[in-house]
Amino acid sequence: MKKRALRLAAAISLALAATGALAATSDANVTRATLDNGMRVVIVRDTLAPVVATEMNYLAGSNEVPKGFPGTAHAVEHMMFRGSPGLSKDQLAAIAANMGGAFNADTTQGVTQYYFVAPAQDLDVALHVQSLRMRGVDMDQAAWAKERGAIEQEVSRDMSSPTYKFQTQLMAQLFAGTPYAHTALGTRESFDQTTASMLKQFHDSWYVPNNAILVIAGDVDPAATLTKVKREFGDIARKTLPARPAFDFQPVAAKTIALPTDSPYGLVAIAYRAAGSRSADYATSLVLSEALGSQRAALAGMRFDGTALYGGFAGNAFPHAGIDYAIAAFPKGGDPQPILKRMQGILADAAVKGVDPALVEAAKRNAIAALEFKKNSVDGLANAWSSALSMQGLETPDAMKQAIEAVTPAAVNALAKQTFDPAHAVTAILTPQSSGKPVAGKGFGGAESFASSPDKPVTLPDWAAQAFAKLELPHSSLKPVSTTLPNGLRVIVQPETISDTVTVFGQVKTNQDLQAAKGEEGIASVLEGLFPFGTADMNRLQFQQALDQISARVSAGSSFSLAVPAAHFAEGMKLLADNELHPALPAQAFAVVQKQTAGMVAGQLQSPAFLTELGLGQALLPANDPQLRHATPQNVMGLGLEQVKQYYAQTFRPDMTTIVIVGKVDPAQATQMVAQAFGEWKATGAKPDVEYAAVPANKPGQFHVPDASASQDSVQLAQTIDVTRTDPARYALNLGNQVLGGGFYASRLYHDLRDTRGLVYNVSTSFDFDAHRGSYTVSFGADPDKVAAASAIVRQDLKQMQRTPVSETELKRAKGILLRQIPLGESSFGAIGGQLLNLSLEGKPLDAMTIAGEHYLKLSARDVQRAYAKHIRPDDFVTAVKGPAPKG
């Protein structure tokens, strides 16, 4: 979401377009081409991991839909997953599952994106699938009738969100009379009137090569990849595009929106229509947003002086216009009016007096640094290029750098004066409300009269079958260097040269439930809230200013992090250590944080989400289990600052801490810098035990938590299991989990719950393996009258797993998913850092993913069957339903 730019490559493209497919390379890693049929192609080589991301961007979205049918583009997106000529929906689902990565789509106002993230070896398959789907899509009325059930469940899910309801009203007010006046989601009423022929017409009109931009990023050979793209797409005919809608924005009338929310806190927002991502003012708008959202700015200051629980500023840009908004949070039962008045005053000052020039300069540096951080993820890089080309009208994401550098304080002040006019502000107040306490439920499971998912192997096309014929253990690209310092702190360094940045991930292994004294529940939250108030030597503003000087971002606490340009790594590490080891913990700040935390807890105790979580815990765990401990406002207000300091000294220990460093660093030098910054940190006494003890199997049960803001039910089926994080049985359970819930449409639960019956929009299954206990959860969202049927199918599919071995086709696909996820888990700095950190904290070898892959290759269908028969109890779930009371 940025602006116009680099003219040279565009001029070359125009000059040579008549000669056919052309390629221009701005640097060694970027190749551009425009095919004869008008399709634009950008290939970005990124060797972070043997992974590739392909994003097909069609320049059509909810802007281009017929009048009265706001969800047409969204519905077409759904139908694109139901097959194309030469590729059935079952084959498409199996192919996507076999690739093991992400395969999904996103509909926005002016662009619909279809993306794969997969091992680089599967690029040919991904391109062929994208090509077939551009050529045509199967859209018969019977298939649309089934998919309509799923998409209407998505509508129910989103319309159950108070913040989404606010968004719909906000867009209607800010963009009245234009295509932006409605969201891309659509409505149940319009979907009921939509026909398959209408959807096919939309596809055939807009999904054409001269209206598409294909972005490929990853570990690929650009020249060979371009040859493949020409082969797949070059013979697809271009078409004359329909006329695009006009945007005639009218002055915004001020309005106040009041909504209830099921959150434990309330929200106040003041929104304005802002510059679009293709506007000449967009770079200035970015800098203005970054400056007002700074931790040194007045909106954030509301959190630190106790006015609000949180304060900040953000923006969301569409090509022709955008939304800028100030936002703040207040506790349940609190008065939002003083916060609203304060926010109005802050924005008025920005409009009249301007923005602090120092904040503007810091905002520019941080915005430019953010461009470099986008290179730290393969799919993030693809998305950055897609956004730049399809939404911002740029030739490259870095083109925004020059525009940002050119922004002046005077330009920022002029835009603030133009934007922050109270006569055109839309104000929203979302007030927490209690929906009622949990009540015992009956009959949530429904009658178990459904046939379980049949074993019908899908015959893949030859081109796909050959790609997936052989299962191999992928080679990990990670070579971490691990060192334990004399004080017990473990340092793991994974050098990467893909960008000039370094990211640090750290965690102190603590557990408030086992380490806090009785009556001190909530002490960890109070402590975490104090870290942003600076260090012993620098107050919060001085500390933030030091970070801004080097374009660094730091978070401190039991989980801590640093993101910094490589040139400033040493300075960033010193600041992180200072914040982590010498937090200020001032008395004045303690009083503020204590009151804020108590207010948050008061709202949390009445929120449907917390009541659901608590109800599940009470049903699954023995009475007085430490995991059931939770804070109360009385606990929090009874704490003293000395208790918090003592808890910090007791629980923050170097021998319970791991630091992972990923980026452009030398491992030896990076380890030495950590030793210099953290080496004086000492631990006393024996290492604490922070792992929960084993628990017995739970008894079945069900309960319902009312949620007045929701029209759809959120359902969890959960049980304790006797499998831990080191139990070999976890490998077979994970493999079976892919059969049940992995691979999107190809999984049994997606097939039975969504594809064939339209009962849910999505369904997920997950295992949680702890040191001494484990749990298994199935989650889905459904209308109240569909909860019983969906729950029954879940149980039936689990019993089928126990009675009959999974098919060889399913077993091979599940293995392929898990094996391909190994390189996918190394395709971003965040994934690398998170993986290495978790493995260290769990006491596992750093090559545990490769070891797991070896286990998966050896497992048989009988192994999976035995594991599910032994460890899963389909009739012993605790069923928790949050939302309207289930029917039937």
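**Around the helices and sheets of a predicted model**

Visitor: Which residues are buried in α21?

Guide: Bear in mind that this is a predicted model. Buried here means under 20% relative accessible area, and ten of the 13 residues of α21 meet that, so the helix is largely enclosed by the rest of the structure. The buried ones are Phe569, Gly572, Met573, Leu575, Leu576, Ala577, Asp578, Asn579, Glu580 and Leu581.

Visitor: How far does helix α21 reach from its first C-alpha to its last?

Guide: Helix α21 covers residues 569-581, which is 13 residues. At 1.5 Å a residue, you'd expect 18 Å. The reach in the model comes out close to that, at 18 Å.

Visitor: On to the sheets. Which strands are the edge strands, pairing on one side only?

Guide: Take the open sheet of five strands, with mixed pairing and the order β10-β14-β11-β13-β12. Neighbouring strands in it are turned by 20° against each other on average, ignoring direction. Read the order from its two ends and you have the edge strands, β10 (255-261) and β12 (310-317).

Visitor: In β13, what is the bridge partner of Phe313?

Guide: Phe313 falls within β12, which spans 310-317. β12 pairs with β13 (residues 322-331) in the antiparallel sense, over eight bridges. Within β13, the partner of Phe313 is Ala326.

Visitor: Which residue stands opposite Ala271 in β14?

Guide: Ala271 belongs to β11 (265-274), where eight of the ten residues are buried, so that strand is largely enclosed by the rest of the structure. β11 runs antiparallel to β13, with ten bridges, and Ala271 has Tyr325 as its bridge partner there. β11 also runs antiparallel to β14, joined by five bridges. Opposite Ala271 in β14 stands Val426.

Visitor: Which strands does helix α12 touch as it packs on the sheet?

Guide: Another helix, α10 (residues 282-292), lies across β12 and β13, running at about 165° to β12. α12 covers residues 336-352, and its direction makes about 30° with that of β11. The strands that α12 touches are β11, β12, β13 and β14.

Visitor: Which element gives the most to the core?

Guide: The largest nonpolar core has 73 residues, and those with the most contacts inside it are Leu288, Met302, Met343, Val355, Trp385 and Phe420. The biggest contribution is seven residues, and it comes from α12.

Visitor: Which residues is Val355 in contact with, leaving aside neighbours within four places in sequence?

Guide: Val355 is one of the residues with the most contacts inside the largest nonpolar core. Contact means heavy atoms within 4.5 Å. With those sequence neighbours set aside, Val355 touches Leu288, Ala291, Leu292, Ala350, Val360, Val412 and Asn413.

Visitor: Which strands stand at the edges, each with a single partner strand?

Guide: This takes us to an open sheet of six strands, with mixed pairing and the order β16-β17-β21-β18-β20-β19. Its twist averages 10° from one strand to the next. A strand with a single partner has one side left without a neighbour in the sheet, and so it goes for β16 (481-484) and β19 (553-555).

Visitor: Which residue stands opposite Ile492 in β21?

Guide: β17 (residues 490-495) and β21 (residues 657-663) run parallel, joined by six bridges. Helix α26 (residues 667-678) packs on that sheet, touching β16, β17 and β21, and its direction makes about 145° with that of β17. As for Ile492, the residue opposite is Val660.

Visitor: In β26, what is the bridge partner of Gln702?

Guide: Gln702 lies in β22 (residues 701-705), a mostly covered strand with four of its five residues buried. β22 pairs with β15 (residues 439-440) in the antiparallel sense over two bridges, and Ala440 stands opposite Phe703 there. With β26 (residues 878-882), β22 pairs in the parallel sense over five bridges. Gln702's partner in β26 is Thr879.

Visitor: At what angle do helices α27 and α33 pack?

Guide: Helix α27 spans residues 729-741 and helix α33 spans 861-871, with their axes 8 Å apart. The angle between them makes α27 roughly perpendicular to α33. Residues making the contact include Leu733 and Leu740 of α27, and Val864 and Tyr868 of α33. The packing angle is about 100°.

Conventions: Residues numbered from 1 in each chain as written. Predicted model: local features only at pLDDT ≥ 70, side-chain atom pairs only at ≥ 80, totals over all residues. Heavy atoms only, no water. Pairing = 2+ DSSP bridges. Axes fitted to C-alpha atoms, helices over the stretch in contact; angles between N-to-C directions. Expected span 1.5 Å × (residues − 1). Buried < 20%, exposed > 50% of the residue type's maximum accessible area, 1.4 Å probe, protein only. Core = buried A, V, L, I, M, F, W, Y, C linked by side-chain atoms within 4.5 Å. Parallel < 35°, antiparallel > 145°, perpendicular 65-115°, else oblique.
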